[in-house]
Amino acid sequence: MVDKAADGELRADARRNRDGLLTVAREVFAEQGTEASLRDVARRAGVGIGTLYRHFPTREALLEAVLRSGFEALRASADQLAAAEPPGRALVLWLREFTTRSGAYRGLPASVMAALHDEGSELYGACAAMHQAAARLLGAAQEAGAVRRDVDPEDLFTAAAAVGWAAERTDPDRASRILALISAGLAPGAAESA
């Protein structure tokens, strides 16, 4: 249980510990990927592993806290792009943003895809919100005739995660080329699946 003041807010020392853990977790995940040692996170934050687990009972809970603002920004970006751009362009611009952000931490695309298939994961809600935002962009692009009808949201999100995975393992130019290939494959007239 995290130490709370009488009004339910975190005590100042508990808030400092939590904020310190998040700052260090961002650094450690950037260096070592999403499977980094949580003991290393705690040690570098200057707290015991028990303190880390009081604030973040699982790796997914810590990842969710670290990624929350970025996931929310991606969800909001989908809404902004939908309002400002033609549907097909909005989808491609969002996919580019998603794949760029998903390369921030090695292992993040795999963590996101695993969370989407595990409703019990602390990451599920944030990942599902991004998935729904992508699905809305896809549906609008399909209605506008900019994207072929046989592409479903799962296909789209899996392809985007694959580009994110490639971005973390190759140079950014190659990931951009792969995304361009995928975008071309979304266009009406591209070979439809059997």
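Helices here are DSSP runs of at least four residues, numbered from the N terminus. With that in hand, D40 is easy to place: this residue lies in helix α2. Welcome to a quick tour of a predicted model, whose mean pLDDT is 87, with 92% of residues reaching 70 or more. We will go from confidence to the core, then to the largest pocket, and end with two buried residues.

**Confidence**

- Among the elements of the protein, α2 has the highest confidence, at a mean of 95, while α8 has the lowest, at 84.
- A general reminder for reading any such model: where pLDDT is low, the predicted coordinates should not be read in detail.

**The largest nonpolar core**

- The largest nonpolar core is made up of 54 residues.
- If you want to find your way into this core, start with L62, L91, W94 and F157, which have the most contacts inside it.
- Many helices take part: α1 (12-32), α2 (38-45), α4 (59-84), α5 (87-102), α6 (108-116), α7 (124-143), α8 (153-169) and α9 (172-186) each supply at least two residues of this core.
- Of these contributors, α4 gives the most, with ten residues.
- L91 is a handy one to display, because its contacts beyond four places in sequence are A134, L137, L138, A141, V147, L156 and L186, counting heavy atoms within 4.5 Å.

**The largest pocket**

- The largest pocket holds about 180 Å³ of space.
- Its lining consists of 15 residues, and those nearest the pocket centre are L67, G70, R101, Y105 and L108.
- Helices α4, α5 and α6 are the elements that each give two or more residues to this lining.
- The biggest share of the lining comes from α4, with six residues.
- By type, the lining residues comprise ten nonpolar, three polar and two charged.

**Two buried residues to look at**

- D40, the α2 residue from the opening, has a relative accessible area of 12%, so it counts as buried under the 20% cut-off.
- Beyond its neighbours within four places in sequence, D40 is in contact with V28 and Q32.
- H131 sits in helix α7 and is also buried, because its relative accessibility of 17% is under 20%.
- Setting aside residues up to four places away in sequence, H131 touches L116, P153, E154 and F157.
- F157 is thus worth colouring in your viewer: this residue is among those with the most contacts inside the largest nonpolar core, and F157 is also one of the residues that H131 touches.

Technical notes. Residues are numbered from 1 along each chain as its sequence is written. This is a predicted model: local features need pLDDT of at least 70, side-chain atom pairs count only at pLDDT 80 or more; totals for chains, interfaces and linings use all residues. Side-chain values use heavy atoms; hydrogens and water are left out. A nonpolar core is a set of buried Ala, Val, Leu, Ile, Met, Phe, Trp, Tyr and Cys residues joined through side-chain atoms within 4.5 Å. Buried means under 20% relative accessible area, exposed over 50%, partly exposed in between (1.4 Å probe, protein chains only). On a 1 Å grid over the protein atoms alone, a cavity is a set of points where a 1.4 Å probe fits but cannot get out, and a pocket is an open set with protein on both sides within 12 Å along at least five of seven lines; lining residues have an atom within 4 Å of a point. Grid points are joined across faces, edges and corners, and a volume is the space filled by probe spheres set on the points. Ala, Val, Leu, Ile, Met, Phe, Trp, Tyr, Cys and Pro count as nonpolar, Asp, Glu, Lys and Arg as charged, and the others, Gly among them, as polar. pLDDT is the predictor's confidence in each residue, from 0 to 100.
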